[in-house]
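Visitor: I have a structure to look over and some questions about its interior. Can we take them one at a time?

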Amino acid sequence: MQPDNQRRTFLKGLTFTIGSTVFGVPLLSFCSSETEGNTTQESQTGAANNQNRKLGIALVGLGGYSTHQLAPALQETKNCYLAGIVTGTPSKAETWKAKYNIPDKNIYNYQNFDQIADNKDIDIIYVVLPNAMHAEYTIRAAKAKKHVICEKPMATSVEDAQRMLEACRQNNVQLAIGYRLHFDPFHQRVMELGQKQLFGKVQSIRAHNSFVMGGPGSWRVDRERSGGGPLMDMGIYCVQAACYTLGKTPVAVTAKFGEVTKPDIFKEVEQSISWRMEFENGVVAECNSSYADQEDFLEGKADKGWWRLGPSFGYEGKEGETSQGKMNYPNIFEQARQMDGQAASFRNNTPSIVPGEMGLRDVKILMAIYDSARSGGKRISIS
Ligand code: NAD
């Protein structure tokens, strides 16, 4: 195995375009040994820092993801810190205030949220609300002249995503999406293997991401708040993975809904969905996502080799293998690295590797997948 320090170099990423937008994807250096990995590098944007000020983040929505992932991650970040909170629940405000030492002046509710414009401690607003609320709070944050990180999926319609981008442009603030896997070494390695064609031309991709929904009652199965079922929540990772494996956007999709075996829960959104994404040169990604199954893997097959991550999309415990051997990367605190990378790009005014434009691209793909499934598997072109 190569020593760690021989693997730390970041190669400049390949770029790919969607309309007029160019995304740069950071790639890890290639290691040719049998055993893969062991990188400890900073994100590309983090490495480019030339200022030291930690940016203040306010989390909007103190649910499961903020409580168990983002707030703990913000105790480890170097470029940003937990400066404020926005919550509709006074008891949560008290708990968080005590636990994270948040001053009263940095605690907001949904009614007085817009006053955050006057708060110099807050540089970034991180929207961690049910999907259908992302647009309203991103736009209000942009009007308050704060940079925004918005959770995935960016929005529940293409129109909302476009309005969000426009609001950020008009107010001269940056918008990044909470895509954490772009900052993870296993997934960065997949980007490199696929985009640099290190095992030859990619032939096909498979990605499944599912979990078992316990019961009814969650906003995730309420169409008005979620915008859709597992595709919006978990399947989006498969869409992303196929795109970043290839560094490309699909040209067409076909999809079909799965059987509903739990009609008490899945009255408004799909229980499961499978879809195929076609890329140029005939490369195909076969994907599946369900709220009634337990699956989590990403595979790629190329002319001269293959790779497999599994578990692939969860927060921790990732494992990977290629036709050359086991991947040996550390499991990192993805959310800490993600927010550090995003804060650095806001601070340095450099493009995010997960910009709002990427979120819009993905919403367009998600909507095309739903269009196809609703029309009985018709092939839908993506413009
Ligand atoms: P959650 O249900 O645990 O939390 C939602 C929060 O929104 C709660 O604090 C709730 O009080 C608040 N809220 C305000 N208005 C609400 C309303 N009308 N209905 C329901 N809740 C309301 O959800 P979560 O798992 O924290 O997810 C929040 C967002 O984060 C979603 O967009 C989700 O897709 C995203 N998320 C991303 C990841 C990731 O890995 N990037 C992981 C989990 C969740």
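Visitor: Does Asp233 count as buried or exposed?
Guide: The model is a predicted one. Asp233 lies in helix H8. Buried means under 20% relative accessible area. Asp233 has 7% relative accessibility, so Asp233 counts as buried.

Visitor: Which side chain does a polar contact of 3.0 Å join to that of Asp233?
Guide: Leaving aside neighbours within four places in sequence, Asp233 is in contact with Lys152, Phe211, Arg220 and Tyr291. The polar contact of 3.0 Å joins the side chain of Asp233 to that of Arg220.

Visitor: Where does the largest nonpolar core lie with respect to domain 1 and domain 2?
Guide: This core has 82 residues, and Ile116, Met154, Trp275, Met277 and Ile369 have the most contacts inside it. Its largest share, eleven residues, comes from helix H8 (residues 230–246). Domain 1 (16–35 + 53–181 + 333–352) and domain 2 (185–331 + 356–381) both give residues to the core, so it lies between them.

Visitor: How many residues are in the second, separate core?
Guide: Leu59, Leu62, Ala93 and Tyr126 are included in this second core. The core is separate, and its number of residues is 26.

Visitor: Why is there no bond between the sulfur of Cys150 and the closest cysteine sulfur?
Guide: At 0% relative accessibility, Cys150 counts as buried. A disulfide needs cysteine sulfur atoms within 2.5 Å, and a search of the whole structure finds zero disulfides. The closest cysteine sulfur to that of Cys150 is in Cys168, and it is too far for a bond because the distance is 9.0 Å.

Notes:
Residues numbered from 1 in each chain as written. Predicted model: local features only at pLDDT ≥ 70, side-chain atom pairs only at ≥ 80, totals over all residues. Heavy atoms only, no water. Core = buried A, V, L, I, M, F, W, Y, C linked by side-chain atoms within 4.5 Å. Buried < 20%, exposed > 50% of the residue type's maximum accessible area, 1.4 Å probe, protein only. Helix = DSSP H or I, 4+ residues; strand = E, 2+ residues; numbered from the N terminus. Domains from an automatic or database assignment. Polar contact = N/O pair within 3.5 Å; in protein donor to acceptor, adjacent residues only side chain to side chain. Contact = heavy atoms within 4.5 Å.
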